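Colleague: I should like to learn how the features of a model such as this one are read. Could we take them one at a time?

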Amino acid sequence: MTYVPKGSAADGPYALSIDPERAGWTYSQLRVVEIGPGGRHSFATGGSEWIVLPLTGGCTVQTADGIIELLGRESVFSGVSDFAYVPRDARIQIASGAGGRFALAGAKCERRLPARYGSAPEVPVESRGAGGCTREVRNFASADAFACDRLIAVEVITPGGNWSSYPPHKHDEHRPGIEAELEEIYYFEIEARGGREGIGYQRVFPSRAGGTDVLAEVRSGDAVLVPDGWHGPSVAQPGHAMYYLNVMAGPGEEREWRICFHPDHTEGYR
């Protein structure tokens, strides 16, 4: 399973539920839960660390150590959101007065770190690329921005008509100082215009014989799994901005994002 259309990985309260068993790997996982006005959702973190990230709406996140209040946002296209980190081996309750949709980005881990609040104004935001490959990267839980045990997560906004995740790159080998082995999930939302939903495209192609090979037309709520291979570009339909949430984790002793660019593509649009 590499391309995951909306609804195909629903499970109970989750509109999307990708765990290591379903993905066929070891660490990375993602859930999306929709909570109605005045609703609540509880879950056990098990052997994984998680970040509760509002996609729409706000919520409170209750842990054994107290309550974290998240203001959230109107939509993923309206700006950066605050978020909550919750540790492994805990019981968590999410409650939302007005309702909303929330991503739970997770990774199997060893250390139990404390629950913490992530402030929206403290999220590093960068403009990456140039020309038609310009995009906005929100490094809310990148390896150098927020402490986790194994989890790495960022958001990307690609303007309509632009390419992102370009040049194609990979992170499927452990090469110290050069490349880190990371399992990756892309979760997509496409901006609607004039009542019409947009589309995007995601490419993953082999870095070795028999590797992952997919070209997926993606819509809001879809996901693409990247267990290996060169991935990119991510292409947004003209007139419709594209959002994706990247969730990554791997076996390395160091939590780091090290990638290798495809040698046949220009490096001028990173």
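Modeller: We shall go through strands, burial, charged pairs and rings in turn. The model is predicted, so local features need pLDDT of at least 70 and side-chain atom pairs count only at pLDDT 80 or more, whereas totals for chains, interfaces and linings use all residues. Residues are numbered from 1 along each chain as its sequence is written, and side-chain values use heavy atoms, with hydrogens and water left out.

Colleague: In what order do the seven strands of the open sheet lie?

Modeller: Strands of a sheet pair through backbone hydrogen bonds, either parallel or antiparallel. Strands here are DSSP runs (E, at least two residues), numbered from the N terminus, and two of them pair if DSSP finds at least two bridges between them. In this structure the order is β1-β19-β16-β21-β13-β12-β11, with antiparallel pairing. The edges are taken by β1 (3-4) and β11 (125-128); each has a single partner strand, so one side of each is left without a neighbour in the sheet.

Colleague: How many bridges join β1 to β19, and how many join β16 to β19?

Modeller: β1 and β19 are paired antiparallel over two bridges, with Val4 opposite Ala223. Between β16 and β19 there are four bridges, also antiparallel, and Ile185 has Leu225 as its bridge partner in β19.

Colleague: On which sides of strand β19 do its side chains lie, and are they buried or exposed?

Modeller: In a regular strand the side chains alternate between the two faces of the sheet. Burial is judged by relative accessible area: under 20% is buried, over 50% exposed, and anything in between partly exposed (1.4 Å probe, protein chains only). In β19 (residues 223-226), Ala223 and Leu225 lie on one side and Val224 and Val226 on the other, and all are buried. Strand β7 (residues 83-86) can be read likewise: Phe83 and Tyr85 point one way, Ala84 and Val86 the other, and all are buried.

Colleague: Which residues stand opposite Tyr85?

Modeller: Ile51 stands opposite Tyr85, within the antiparallel pairing of β5 (residues 48-63) and β7 over three bridges. Arg116 in β10 also stands opposite Tyr85; β7 and β10 (residues 116-118) are antiparallel and share three bridges. Arg116 moreover lies over the face of Tyr85, 4.6 Å from the ring centre. That reading requires NZ of Lys or CZ of Arg within 6 Å of the ring centre and within 35 degrees of the ring normal.

Colleague: How many salt bridges does the structure hold?

Modeller: Side chains of opposite charge can pair when their charged atoms come close. The criterion is a side-chain nitrogen of Lys or Arg within 4 Å of a carboxyl oxygen of Asp or Glu, and the structure holds 17 such salt bridges. In one of them, the closest N and O atoms of Glu155 and Arg138 are 3.7 Å apart. This pair links distant parts of the chain, with Glu155 in β13 and Arg138 in β12, 17 residues apart. Glu155 is buried at 1% relative accessibility, and Arg138 is buried at 3%. Their strands, β12 (residues 135-141) and β13 (residues 152-158), run antiparallel and are joined by four bridges.

Colleague: Are the partners Glu217 and Arg219 buried or partly exposed?

Modeller: Glu217 is partly exposed at 29%, and Arg219 is partly exposed at 35%. Their salt bridge has an N to O distance of 2.8 Å. A network of salt bridges links Lys170, Asp172, Glu173, Arg175, Glu179 and Arg208. Lys170 also lies over the face of Trp230, at 5.8 Å from the ring centre.

Colleague: How many aromatic pairs are there?

Modeller: Rings of Phe, Tyr and Trp (its six-membered ring) pair if their centres lie within 6.5 Å; planes under 30 degrees apart count as stacked, over 60 as edge-to-face and the rest as tilted. There are eight such pairs. Tyr186 and Phe188 are stacked, at 5.9 Å centre to centre and 20° between the planes. Tyr186 and Tyr244 have centres 4.9 Å apart and planes at 40°, so this pair is tilted. The tilted pair connects distant parts of the chain, Tyr186 in β16 and Tyr244 in β21 (residues 242-249), 58 residues apart. Tyr186 is buried at 1%, as is Tyr244 at 2%. Elsewhere, ring pairs join Phe83, Tyr85, Phe140 and Phe146 into a cluster.
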